[in-house]
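Colleague: I am new to this structure and would like to understand how its helices and strands are described. Could we go through the reasoning behind each term?

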Amino acid sequence: MRIGIVLKLFMLTTLLCMLVLVIIYIGQTIFFKEYYANQKVKEINTSIQSFEKEYLKAEGDVQAIKKLEHDFQQENTTWITTLDSVGNIKYANDFSVEIDIESSKYKNFSNRIINIPLYSFIDLEELDRLRFNLEQVNDIFIDGIVKGNTVVPTILTGENSNFSLENRLLSEELYGKRTETEPSLLESSQIFLKGRITNLQLPVGSTIYNNRLFIEKIKQFQVKLLLDKINHSHVQTMDEEENNIQYKLFIKPITDTTGETTYIFAMTSLQPVDEAVQMLEDYYLYLILFVLLLIVLASLYYSKKITKPLLQINDTTNNMAHLDFSENIPIKSKDEIGALSQNINTLSTTLHSYINQLRQDIEKEKQLETTRKEFISGVSHELKTPLSIMKSCISIIEDGVAADKKDYYFNALRKEVDKMNLLIVDMLELAKFESGTYKMEMDVFPIDESIEYICEQLALDIADKQLHIHQHLSNNKVLANQNRIEQVLTNFITNAIRYTPENQHIFISTIEDNGRVKVSVENNGAPIVQEHLDKIWDRFYRGDTSRNRSEGGTGLGLAISKNILELHGVEYGVLNTEDGVMFFFYLDRKE
């Protein structure tokens with residue numbers, strides 16, 4: 001089964017649009033999340049570099065650093081803080097307990113006041129209980145590890161009290177994972193201190209400690225740092241997942257103005273993109289139905305719009321294949337289809353022109369063939385009579401009959417030879433005009449002078465019949481071939497002399513008529529039968545029996561005149577008047 005171009009284009013367009021829709025869907029639901037995460041990482045890394053520069057410029061100014069952290073969080077929707085060399089949050093005195101260490105076997109810590117961050121031990125929901133318990137305690141025992149001159153507590157226990165605080169992550173590393181064969185990695189750094197609480201600072205309002213997950217990640221990082229599981233020289237980006245939500249952690253070690261190592265610690269959530277992808281998946285269920293309907297309608301319209309000119313081109317070329325060039329393709333665009341339509345229209349016009357020219361050439365060839373046949377037929381017919389006469393004269397002369405009239409028969413032979421010569425000349429001239437190859441060259445000449453010249457040449461014939469010639473000339477110049485027009489005038493005037501009774505009148509006139517000159521020759525005499533008026537221009541035509549061969553002429557004069565006038569492209573004709581017959585033609589007038 002043949003599939004039309006409209007259906008093909010419709011199917012192709014629909015499939016293409018659906019493919020694009022599927023690619024967009026896959027890209028947004030699968031690759032978009034990864035793309036978003038990569039872009040987010042790049043942006044945050046760039047922002048961290050800017051944060052680092054501003055942090056170093058602050059040179060320990062707590063308020064400036066807090067503002068930097070707040071602005072970073074607002075601009076990047078990312079939590080950020082700075083950690084000291086052992087993983088504690090710097091500038092965390094707003095959530096800490098100050099302890100005055102008593103004399104101990106650890107000389108570096110005897111009679112020294114230390115600040116212990118409390119976010120590693122409790123959540124904000126337990127602040128009131130913490131305050132109450134610490135107010136009941138005077139002395140407190142510290143079980144922890146030492147890194148340099150810094151104590152990292154693991155357990156805080158009140159003296160003579162059931163109160164205790166434990167950093168569970170660090171405690172598990174220090175106690176929970178020891179075996180008999182493998183002591184803890186931190187065992188060699190353990191320390192036990194005793195001191196008195198001198199000050200307690202608890203956070204007020206919304207702070208970084210409200211983000212439990214962020215604090216938990218900081219605690220996990222601290223444990224890894226103390227275990228030497230962290231690369232201290234390179235930026236690290238880690239993937240984390242909590243409650244089916246993806247997070248990105250950014251850890252960048254820097255050296256501050258005091259020469260100590262500080263860690264920029266940031267965490268961002270990828271939950272917005274997860275939610276967006278989920279929303280897209282739900283949204284696409286409705287979007288796909290709508291887009292599919294839109295694709296079908298748009299494809300149908302698009303297919304018909306594109307193929308309409310192609311179908312018109314197909315119909316037009318199909319007509320051209322059957323030689324029908326009457327229809328042109330309407331050009332409504334300037335693109336390739338418009339150019340194709342224009343080329344086909346040009347081709348149609350050119351082919352039509354060539355075919356018409358070919359037809360004309362064929363007609364001319366047929367006309368030439370007809371002319372040749374008519375020429376042979378006419379010559380055969382017209383030469384038959386003079387040849388018979390000549391044969392009779394020759395027989396009489398050979399037999400010696402009427403010897404005293406020998407000169408008479410020779411004169412008769414001479415006249416018939418002259419007539420045959422004249423006939424052949426006229427036939428050849430007529431064939432030349434009717435061939436369609438003769439080109440008429442034009443010039444400007446005074447028509448009146450030509451008429452006067454012809455009348456002077458025919459004066460003897462006019463005088464023999466005692467005819468009266470009346471000339472009404474307007475002294476005009478015309479554009480024509482002078483020799484051929486004079487030939488026409490000679491034929492018309494000779495014809496008028498031949499068929500005008502003796503002592504009658506011939507009227508020759510030239511009259512101006514709307515930029516033309518009308519030339520007419522009218523003679524007194526018998527009119528031409530009406531049905532013969534159109535036929536007198538035919539070769540050898542003699543509609544009137546009185547107009548026979550004995551009157552002279554070859555019967556080709558009017559046929560020759562007709563061809564000359566038609567080659568000039570002018571109006572001509574013959575009509576009966578009250579007193580006789582008038583032949584006329586028009587020529588273009590020139591100043």
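Modeller: Please keep in mind that this is a predicted model. A good place to begin is helix α9 (residues 447-457) and helix α11 (residues 482-499), whose axes come within 10 Å and cross at roughly 50°.

Colleague: Why is α9 called oblique to α11?

Modeller: Angles under 35 degrees count as roughly parallel and 65 to 115 as roughly perpendicular; the axes of α9 and α11 cross at roughly 50°, and therefore α9 is oblique to α11. The crossing in which α9 passes α11 is right-handed.

Colleague: Which residues make the contact, and how do they divide into nonpolar, polar and charged?

Modeller: From α9 the contact takes I447, S450, I451, I454 and C455, while α11 contributes Q482, I485, E486, L489, T490 and I493. Seven of these contact residues are nonpolar, three are polar and one is charged.

Colleague: Turning to the sheet, what makes β1 and β8 its edges?

Modeller: The sheet is open and has four strands in the order β1-β10-β9-β8, with antiparallel pairing. Both β1 (78-83) and β8 (236-242) have a single partner strand, so one side of each is left without a neighbour in the sheet. On average, neighbouring strands here are turned by 20° against each other, direction ignored.

Colleague: How do you know that β9 and β10 pair?

Modeller: Pairing requires at least two bridges, and strand β9 (residues 245-255) and strand β10 (residues 261-269) are joined in the antiparallel sense over nine bridges. I254 stands opposite T262 in β10.

Methods
Residues numbered from 1 in each chain as written. Predicted model: local features only at pLDDT ≥ 70, side-chain atom pairs only at ≥ 80, totals over all residues. Heavy atoms only, no water. Axes fitted to C-alpha atoms, helices over the stretch in contact; angles between N-to-C directions. Helix = DSSP H or I, 4+ residues; strand = E, 2+ residues; numbered from the N terminus. Parallel < 35°, antiparallel > 145°, perpendicular 65-115°, else oblique. Left-handed = near helix turned anticlockwise from the far one by under 90°. Contact = heavy atoms within 4.5 Å. Nonpolar A, V, L, I, M, F, W, Y, C, P; charged D, E, K, R; others polar.
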